[in-house]
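Please load the model in your viewer and keep the selection box handy. We will go from stop to stop, and at each one you can pick out the residues and look around.

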Amino acid sequence: MTFSKDIKKLANKQKGWFIVLSRSGTIIGTYHAPRQQSRHISKSKLADMLMPVGPSAIKYHSWKLENGSVLLFGQKNWTNILLQKVEAETVWKKQQLRLSDPTRKQLGKNGAWVQLINANGNVTAAYGTTNKKHYSYHDLLALRKKQNGDTAVYLDNQTNQALIIGIKQPHALNEWVDSSTKKVRNSIFMVIALLFLLLVWVVFSFAYRFGSPIFAIVKWIEQLSKRLYEPPHDLHGESLFWNKDGRLKGKYRLYKDLIDSLLQLTNMLKQNQLQSRLMAQTREEWISGISHDLKTPLTSISGYAQMLESDAYSWTEKETRAFARTITEKSSYMMTLIEDLTLTYRLKNNALPMAKEKVDITEAVRRTVIHFVNEYDEMHFVFHAPKEAIWTAVDPKWFQRILDNVIANAVKYNPADTTVTVSINAIEQHLLTIRIKDDGNGMDSQTLAQLFNRYYRGTNTSDAGNGTGLGMAITKQLVELHGGSINVKSEPGKGTAVRILLPILP
């Protein structure tokens, strides 16, 4: 912290000193200041320095600087010092000022004046002052507000008289401001010349700082219109807007919000482009899967129909029935596939009517488990449920479809002797949990990630029980239509666990 020669000169003239405090109260600079016991001034200490309780021998003035630090100007409070001396030499009962020679000398050295006034405001004694003989209330207020000097007052409670002392001394800051104003006035012509040069510089700077970024932004928008979803680059292949460390270049910072919005739009369009390509690829796989799943049973139906139609062979009744059974199975599979496709699109477009009823979920799940127990005696089923009924609103038809799909998967894709555990629990009377867990083969992470997607396995459909590959996608959509959620966890060789959450009726 450095002080200019003018400031030092004024401080010396006023017999004062400077202290500069940081935002935290640390002393970062001084000039002629008394030695401090600490390099830090607390807030309470600063308050006592600026607003002391009672007469103080030192007074401070403060200014807040541009960088947030505080400038303190301190000097001896001669008004209070002289007031104490004069008060000790005042004869209150006789309304007289009996000033000693040292006191008179000190008053004169500081340009001070003294007046003694009674309760009515009349001046009864004075030294070194003007011809003021009486003070009104307004005069006292005006005296207090004067900015070209300091005053102090002492009230004698016994005689109800007041002693006023003042020092005609301009404030250091006011003198510095006056000096600075004079310098500015003398340099006005130079300022005008500098302003003209500044105006010329601003014109060229404006063209560079505002024109160049706008052209770059327009180029970016033009690239977006041509489906080039990347920020523009210069001739060297480097970014126009960002430095190598990723920070926005200086001339573009004024347009930061606009550039951020353009970058967000570019990333969104690029992501949409990638999603569009992925959807096109998925659509091709979808069509390929449909073609495969329909072509395979159609080939079987067509083959057996041609065999029955041929005159070259004479089929027995048993063989004819076998052919007819195969044709029926393949036709049923195709019908199921078409119905599942129709159902997925109805679910996707929210076109599936729901007729919800109040159902005892415990009983509904129990009946479903019993059905699978009777159907698949090679599997082991375990059922856990609370004794009391758990009621919720579901569409019985579609809720049954949810249970059938999940339990059927646990049966079809696991070997014999697999244990399938079905359990029901309530969570704080707000949610019910249905868990279907098996200790079978499990699934790898890739299969688990695609479990709820509408895709086709493309496997041999000679076994009508293989399903359409849409079961879990339909299950997820049906669960969500009931206001619930479904979650699957699985590991190869450790089995699969399916958890369904549904709301409970209050």
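**Stop one: a nonpolar patch**

Select I188, F189, V191, I192, L195, L198, W201, V202 and F206: together they make a nonpolar surface patch of about 950 Å². Patches are made of residues with over 30% relative accessible area and no salt bridge, where like charges are joined within 9 Å and nonpolar side chains (Val, Leu, Ile, Met, Phe, Trp, Tyr) within 5 Å. A salt bridge here is a side-chain nitrogen of Lys or Arg within 4 Å of a carboxyl oxygen of Asp or Glu, and accessible areas come from the Shrake-Rupley method with a 1.4 Å probe, with only the protein chains shown counting as cover for residues.

Now click on I192, in helix α7 (residues 188–225). Helices (H or I, at least four residues) and strands (E, at least two) are DSSP runs, numbered from the N terminus. Is I192 buried or exposed? I192 is exposed, because its relative accessible area is 52% and the cut-offs are under 20% for buried, over 50% for exposed and in between for partly exposed (1.4 Å probe, protein chains only).

**Before moving on: how far to trust it**

This is a predicted model, in which local features need pLDDT of at least 70, side-chain atom pairs count only at pLDDT 80 or more, and totals for chains, interfaces and linings use all residues. Residues are numbered from 1 along each chain as its sequence is written, and side-chain values use heavy atoms, leaving out hydrogens and water.

Colour the chain by pLDDT, the predictor's confidence in each residue, from 0 to 100. The chain has a mean of 82, and 89% of its residues reach 70 or more. Among its elements, strand β12 (residues 380–384) has the highest mean pLDDT, 95, and helix α6 (residues 172–186) the lowest, 51. Residues 456–465 have a pLDDT below 50. Where pLDDT is low, the predicted coordinates should not be read in detail.

**Stop two: the largest core**

Next, select I361, V365, F381, F399, I434 and I500. These have the most contacts inside the largest nonpolar core, which has 44 residues; such a core is a set of buried Ala, Val, Leu, Ile, Met, Phe, Trp, Tyr and Cys residues joined through side-chain atoms within 4.5 Å. Among the elements that give two or more residues to this core are α9 (317–348), α10 (361–375), α11 (396–412) and β17 (495–503). With nine residues, α11 gives the most.

Which residues does I361 touch, beyond those up to four places away in sequence? They are I390, T392, V394, F399, I424, L432 and I434, where contact means heavy atoms within 4.5 Å.

Stay in helix α10 and pick T368. T368 is buried, with a relative accessible area of 2%. Leaving out residues up to four places away in sequence, T368 touches Q400, L403, D404 and I407.

**Stop three: a loop and a strand**

Follow the chain to A416, in the loop between α11 and β14. A416 counts as partly exposed, because its relative accessibility is 49%. Draw a distance to D377: the C-alpha atoms are 9.1 Å apart, with the two positions 39 residues apart in sequence numbering.

Finish at S62 in strand β3 (residues 58–64), partly exposed at 37% relative accessibility. Outside the residues up to four places away, S62 touches L50, V70, L71 and L72.
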